[in-house]
Amino acid sequence: MCDDLIVAHFFKASANGSTKVLTETADAHVFVQNDPLNQLWMFFPGTFQPTELDDWLSRHLSDHPAGKGFTYWSFTAYNKETALKIYKDWSAATFDVLYEMSLPAAASGSSHGSCPHAFNIRLDPTFLKSHDPDHISEAFIKAETTFTIVDEHNGHIAGFVTFLVDDDTKRIYISSIEVFPSYRRRGLAKALMKRALESQKEGYTIWLTVFAENMGAVAMYFGLGFSIHRCLWVVGGANP
Ligand SMILES: CC(C)(COP(=O)(O)OP(=O)(O)OC[C@H]1O[C@@H](n2cnc3c(N)ncnc32)[C@H](O)[C@@H]1OP(=O)(O)O)[C@@H](O)C(=O)NCCC(=O)NCCS
């Protein structure tokens with residue numbers, strides 16, 4: 001499972017002046033407001049039961065997100081019934097499936113990738129800070145590792161992968177991967193993934209989440225040996 005790592009990535013490492021944790025209860029239910037975009041993001045880990053929802057909401061939110069003036073809200077739960085309740089009660093616009101995928105340690109240890117010709121992969125801790133200054137904090141740069149892949153012909157960055165490592169539980173969470181559109185379908189993401197996996201110590205399990213509808217990425221993860229561990233359910237709405 002990687003719910004705690006998702007929280008560590010999304011709600012803690014990324015929190016900075018523009019993204020802040022609004023509340024976090026003892027059992028790690030969290031929601032975050034992003035000031036410039038005025039969005040509300042909520043994440044409910046596996047321990048949370050649908051029967052707790054009404055009480056939790058009345059204590060922490062007290063109103064529909066639209067009533068609070070949020071332009072977009074998103075609610076992620078490991079429990080489908082909890083997400084369905086929100087979907088009905090809050091007239092949500094979207095209901096998406098997010099796969100939690102894992103790659104066992106043995107398979108990750110045996111991964112040896114090569115970088116496509118004329119591209120070079122390098123450690124690049126501050127890349128995301130310049131790429132996405134509103135969302136990347138100093139804490140993120142300390143907590144997560146970033147590799148970029150560079151086009152040697154022109155020096156342009158073609159894509160990146162970020163991940164965090166939990167040594168206590170020997171887990172790695174791939175928190176983001178992107179290859180910019182003009183560079184896609186050339187094996188760059190696969191090379192970035194393999195580079196991230198190679199850099200790990202033996203015995204670590206790799207985790208990530210991906211929307212089921214993102215079929216290209218899902219195909220890539222299956223190709224690398226990942227399998228689906230659980231589903232998360234993401235309910236969202238917009239209030240233009
Ligand atoms: C998903 C993404 C990272 C793939 O990058 P990429 O460099 O084009 O991927 P690769 O060329 O390394 O492809 C590796 C494998 O992924 C699969 N794949 C990637 N894109 C695909 C697509 N559009 N359709 C079908 N399969 C696809 C294929 O199995 C491919 O292997 P193959 O080329 O041997 O068939 C890229 O499309 C992207 O940045 N998307 C937006 C961000 C995103 O969705 N990130 C993932 C979030 S979990």
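**Exercise 1. Describe the make-up of the shell around the ligand, and state which elements supply it.**

Solution. The residues of the shell around the ligand in this predicted model fall into three groups, with 8 nonpolar, 4 polar and 5 charged. Counted together, 17 residues surround the ligand, and the closest are Arg184, Ala189, Lys190, Gly216 and Met220. The next step is to ask which elements these residues come from: strand E9 (171-179), helix H7 (188-198) and helix H8 (215-223) each supply at least two residues of the shell. Of the contributions to the shell, the largest share comes from H8, with 5 residues.

**Exercise 2. Decide whether lysine 88 is buried or exposed, and locate this residue in the chain.**

Solution. Begin with the position of lysine 88, which lies in helix H3, a helix that covers residues 80-89. Then take the neighbour count, for which the cut-off is that a residue is exposed if 12 or fewer other C-beta atoms lie within 10 Å of its own. Lysine 88 has 10 C-beta neighbours inside 10 Å, and therefore lysine 88 counts as exposed. Finally, look along the chain to valine 235, which is 147 residues apart from lysine 88, while the C-alpha atoms of the two are separated by 10.0 Å.

**Exercise 3. Characterise the protein chain as a whole.**

Solution. Start with the secondary structure, which comes to 8 helices and 11 strands. Continue with burial, where buried residues make up 34% of the 240 residues in the protein chain. End with the contacts between residues at least 6 apart in sequence, of which 71% join residues at least 24 apart.

Definitions and conventions: Residues numbered from 1 in each chain as written. Predicted model: local features only at pLDDT ≥ 70, side-chain atom pairs only at ≥ 80, totals over all residues. Near = placed C-beta within 6 Å. Helix = DSSP H or I, 4+ residues; strand = E, 2+ residues; numbered from the N terminus. Nonpolar A, V, L, I, M, F, W, Y, C, P; charged D, E, K, R; others polar. Buried ≥ 20, exposed ≤ 12 C-beta atoms within 10 Å, placed from the backbone. Contact = placed C-beta atoms within 7 Å.
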